[in-house]
Amino acid sequence: VLFDLPTETKTDTKNYRRFVDVLEKDGFTRFQFSIFLRHCTSQDNAKVHIKRVKQNLPPKGHVCIFHITDKQFSMMEVFISQKKEELPRPAQQLEIF
C-alpha cells in the first residue's frame, strides 16, 4: 500500500494516523514513510486484506494498492545511504480458515 495523505489540519492528521493504525493492526509493516508491505500466502488471502484497506480509506488523499509476487519482491534491490541492504523477509504467518 502506497499513499500520500494530507496532514494540514488536525482532522487530516487524525485521519492519517487512523489509516496507518489500521494498516499496522492488519499486519502491514512500514517499508518507507508512506509505503506499507504485507506478505500474503495466496491470492485469496490478499483479497481479504485489500478489502480491509478499501473499507478504511481516508476521506482525502491518494492510496494505491498493488500486488507483486514473491519472486518479483526478491528481485528488488534496496539501498540505504549507498549501502545495499538485505530485503526484509516475509513474516511467517499461520492461517486458519
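How many nonpolar, polar and charged residues are in the lining of the largest cavity? In this predicted model, the lining has five nonpolar, one polar and two charged residues. The residues concerned are Leu5, Pro6, Asp12, Asn15, Tyr16, Pro58, Pro59 and Lys60. The volume of this largest cavity is about 50 Å³, and the count of cavities of 30 Å³ or more comes to one.

**Overall fold**

The protein has three helices and six strands. Along the sequence, these elements follow the pattern β-α-β-β-α-β-α-β-β. Among contacts with a separation of 6 or more, 51% join residues that lie 24 or more positions apart. The protein has 97 residues, and 21% of them count as buried. Its accessible surface comes to about 7,800 Å², and carbon and sulfur atoms account for 54% of that area.

**Nonpolar core**

In soluble globular proteins, nonpolar side chains tend to be buried together. Here the largest nonpolar core has ten residues: Val1, Phe3, Leu5, Tyr16, Phe19, Val20, Leu23, Phe28, Phe36 and Val53. Helix α1, residues 10-25, gives the most to this core, with four residues. One of the core residues is Val20; leaving out residues up to four places away in sequence, Val20 touches Phe3, Arg30 and Phe36. Phe3 and Phe36 are also members of the core. Leu5 and Tyr16 belong to the core and also line the largest cavity.

**Two residues outside the core list**

Asn56 and Asp70 can be set side by side.

| Residue | Location | Relative accessibility |
|---|---|---|
| Asn56 | loop between α2 (43-55) and β4 (62-64) | 18% |
| Asp70 | helix α3 (residues 70-74) | 53% |

Why does Asn56 count as buried? The cut-off for buried is under 20% relative accessible area, and Asn56 counts as buried because its relative accessibility is 18%. Beyond its neighbours within four places in sequence, Asn56 is in contact with Arg18, Phe19 and Val22. Of these contacts, Phe19 is a member of the largest nonpolar core.

Asp70 falls in the opposite class: a residue is exposed when its relative accessible area is over 50%, so Asp70, with 53%, is exposed. How far apart are Asp70 and His39 in sequence and in space? They are separated by 31 residues in sequence, and their C-alpha atoms are 8.5 Å apart.

Conventions. Residues are numbered from 1 along each chain as its sequence is written. This is a predicted model: local features need pLDDT of at least 70, side-chain atom pairs count only at pLDDT 80 or more; totals for chains, interfaces and linings use all residues. Side-chain values use heavy atoms; hydrogens and water are left out. Helices (H or I, at least four residues) and strands (E, at least two) are DSSP runs, numbered from the N terminus. Buried means under 20% relative accessible area, exposed over 50%, partly exposed in between (1.4 Å probe, protein chains only). Contact means heavy atoms within 4.5 Å. Accessible areas come from the Shrake-Rupley method with a 1.4 Å probe; for residues, only the protein chains shown count as cover. A nonpolar core is a set of buried Ala, Val, Leu, Ile, Met, Phe, Trp, Tyr and Cys residues joined through side-chain atoms within 4.5 Å. On a 1 Å grid over the protein atoms alone, a cavity is a set of points where a 1.4 Å probe fits but cannot get out, and a pocket is an open set with protein on both sides within 12 Å along at least five of seven lines; lining residues have an atom within 4 Å of a point. Grid points are joined across faces, edges and corners, and a volume is the space filled by probe spheres set on the points. Ala, Val, Leu, Ile, Met, Phe, Trp, Tyr, Cys and Pro count as nonpolar, Asp, Glu, Lys and Arg as charged, and the others, Gly among them, as polar.
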